[in-house]
Amino acid sequence: MSADTNKESVEPSKDTGMEEVVSLCARRGFIFQSGEIYGGINGFWDYGPLGVELKNNLKSFWWQRMVRERPDVEGIDSAIITHPRTWEASGHVEHFSDPMVDCRACKKRFRADQLDEAPKCTETKGGVHDLTEPRDFNLMLSTQIGAHADAASTAYLRAETCGSIFTGYRRVREVARKKIPFGIAQIGKAFRNEINPRNFTFRSREFEQAELEFFCHPDQTDEWFEHWSEVRLAFHRDLGFGEGNLRTRSHGEDELAHYCKKAVDLEFLFPFGWQEIEGIHDRGSYDLTQHAEFSGKELSAMVEETKERFVPAVVETSVGVDRTALAILCAAYDEEELEGGDTRTVMRLSPIVAPLKAAVLPLSKKLAEPARKIAAELRRRWNVFYDDAGNIGRRYRRMDEAGTPFCVTYDFDSEEDHKVTVRERDAMSQERVPVEGLAAYLRERLEAHL
Ligand code: ATP
């Protein structure tokens, strides 16, 4: 948690507003309110059929790059409720808070450092809030374990996924027979009782993080910090972010979290301004020192040549899966004017994350059988949509909104020449491709970035 949160909404918005993205997400079932039929629950979101595919693709891409392609990184999947001592040792029970103020007139609650964005008071004449003094509000969500609700049964839903990476560090290192430097990675849910959840999924109370904790000798931290910063920038560029919407921002001394020696944010230009989507942190030896002290366990390592003992330092890369998914959706959203005055809404999603890679659309229901066969064949490899209902133009538009890179049309000529028409989403170009070579044709285009 960075101490600085004042930086929101400081940049001009780009053309696409959030309303369009939020509306498309609900309309097409990417993301919608959790518990919608009851009016929703503030700070909680559900991913629909397209959303879950997009998010899973994003997580798989991260896992591929950060774990599978890396001989020096191991993955884990740990419990959401971590031993309560974890959060005492990490300092979260004591420090993980935001300053909160209440308005005595309208009874609303705000973050003291985000007052400039608060709506006006509805109860006072000039609309000025009658605010209390700021109080620290701890962001950890707690629960009770077992039948007796007392202090001893209080546990926390993890506020960041890295806690259990530190508590599991020793075992993972042993079972994976790793030597320093090496990293442990995890993707999973985190929970923060944010005072003002807002900007759609950007600031939620339940969200997912993909984190790497890289353990190294304290003398090598700067080197590894540089290395991981480059790796992470390359990741975002491969997703399609570029100079116009991606930048880095170093934290000033006064912004650093209590455990942090150095921090760089990767920021994306959302319609509501430049905002952090990932933090890269030099956590020093803070974590393992604290956990060694609180657990009484030996967590140090040894330099083989000199037999010098040291507590490993940690370089962390921590990306929000939901925030990145939102950035992807914002970047992809486009409304394009077509010849004849029509406009189409198209999600220009990278094939890496596109929920559907292709759609098979027979021109007529009479052609359903061979078209279904083609869809079944393609489904062995990709998530493929099949649709034989209605006007072909409307079916193309639906696939444009879903961000599907290719539409495959089976028509009456296909019966004779065993070819299909492949329509590419962005240029709307069409090409006749033999059914036999269709999978290879798509593979070449869909998997070029992997
Ligand atoms: P912020 O300053 O925006 O509150 P942070 O500095 O507290 O973020 P970190 O603790 O560094 O964030 O968490 C790492 C990543 O987790 C962030 O870059 C972000 O993508 C994600 N994240 C943090 N808090 C939330 C949240 N409330 N909702 C969604 N994603 C979040």
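Here are some questions and answers about the structure above.

Me: What kind of model is this, and how are its residues numbered?
Reply: It's a predicted model, where local features need pLDDT of at least 70, side-chain atom pairs count only at pLDDT 80 or more, and totals for chains, interfaces and linings use all residues. Side-chain values use heavy atoms, leaving out hydrogens and water, and residues are numbered from 1 along each chain as its sequence is written.

Me: In what order do the three strands of the open sheet come?
Reply: Strands here are DSSP runs of E, at least two residues, and helices are runs of H or I, at least four, both numbered from the N terminus. Two strands pair if DSSP finds at least two bridges between them. The edge strands, β6 (109-111) and β7 (135-138), each pair on one side only. Pairing is antiparallel, and the order is β6-β5-β7.

Me: Which residue is the bridge partner of Ser 97 in β7?
Reply: Strand β5 (residues 97-102) runs antiparallel to β7, and four bridges join them. In β7, the partner of Ser 97 is Asn 138.

Me: Why are the buried residues of helix α12 on the same side?
Reply: Buried means under 20% relative accessible area, exposed over 50%, and partly exposed in between (1.4 Å probe, protein chains only). In α12 (residues 438-446), the buried ones are Leu 438, Tyr 441, Leu 442 and Leu 446. They sit on the same side of α12 because the arc they cover around the axis, taken from the directions from the helix axis to the C-beta atoms, is only 115°.

Me: How far is the side chain of Glu 276 from an oxygen atom of the ligand?
Reply: The ligand is surrounded by 19 residues (each with a heavy atom within 4 Å of it), and Glu 276 is among the closest. For comparison of partners, a polar side-chain atom of Arg 203 lies 2.8 Å from a ligand oxygen atom. For an N or O atom in the side chain of Glu 276, the distance is 2.6 Å.

Me: Which peptide bond is cis, with omega near 5°?
Reply: Look in the loop between α5 (163-175) and β10 (182-191), where Pro 181 is found. The cis bond runs from Ile 180 to Pro 181.

Me: Is Arg 177 buried or exposed?
Reply: Arg 177 also has its place in the loop between α5 and β10. Its phi is near 50°, a positive value in a residue other than glycine. With a relative accessible area of 75%, Arg 177 is exposed.

Technical notes. A polar contact is a pair of N or O atoms within 3.5 Å; within protein, one must be able to donate a hydrogen and the other to accept it, and residues adjacent in sequence count only if both atoms are side-chain atoms.
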